[in-house]
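Hi everyone, thanks for coming. I'll take a few minutes to walk you through one structure, so let's get it up on the screen.

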Amino acid sequence: MNRFPVPLSPDIIRLRLENNYYRSLEAMKHDFSVMLANGEDYFVKNRELTVKMKRLSEWFTKKLSNL
């Protein structure tokens, strides 16, 4: 059983962009959100990495909100 129902990575999102997978900007933003949430869940037991993932998530959220 997979730990994450929707395993996403930057490479998968990049490939989806290159192959015109997304029908809307909101769909791409959703995948970024899922990927970052997966990362936060994965590193939940490592305080240092959890803090870094939260900062990265905030940065991506800010950048994507400007699109």
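One term before we start: when I say two residues touch, or are in contact, I mean they have heavy atoms within 4.5 Å. Also, keep in mind that this is a predicted model.

Let's begin with R16. You'll find R16 in helix 1, which covers residues 10-18. What does R16 touch, if we skip residues up to four places away in sequence? The list is L8, Y21, Y22 and D31. With D31 there's something extra: the two side chains make a polar contact, at 2.6 Å. Now look across to M28. That residue is 12 residues from R16 along the chain, and their C-alpha atoms are separated by 8.8 Å.

So, is R16 buried or exposed? Its relative accessible area is 22%. Buried means under 20% and exposed means over 50%, so R16 counts as partly exposed.

Okay, on to the greasy part. In soluble globular proteins, nonpolar side chains tend to be buried together. Here, the largest nonpolar core has 11 residues, including L8, Y22 and M28. Helix 2 (25-42) and helix 3 (47-65) are the elements that each give two or more residues to this core. Helix 2 provides the largest share, with five.

If you want one core residue to click on, try F32. Again leaving out residues up to four places away in sequence, F32 touches I13, F60 and L64.

Last bit, from the records: an unreviewed UniProt entry lists residues 11-52 as "domain: Bromo". In our model that span is 76% helix and 0% strand, and its end C-alpha atoms lie 20 Å apart.

Key. Residues are numbered from 1 along each chain as its sequence is written. This is a predicted model: local features need pLDDT of at least 70, side-chain atom pairs count only at pLDDT 80 or more; totals for chains, interfaces and linings use all residues. Side-chain values use heavy atoms; hydrogens and water are left out. A nonpolar core is a set of buried Ala, Val, Leu, Ile, Met, Phe, Trp, Tyr and Cys residues joined through side-chain atoms within 4.5 Å. Buried means under 20% relative accessible area, exposed over 50%, partly exposed in between (1.4 Å probe, protein chains only). Helices (H or I, at least four residues) and strands (E, at least two) are DSSP runs, numbered from the N terminus. UniProt positions are given in the numbering used here, feature names are shortened, and annotations may be inferred rather than shown by experiment. A polar contact is a pair of N or O atoms within 3.5 Å; within protein, one must be able to donate a hydrogen and the other to accept it, and residues adjacent in sequence count only if both atoms are side-chain atoms.
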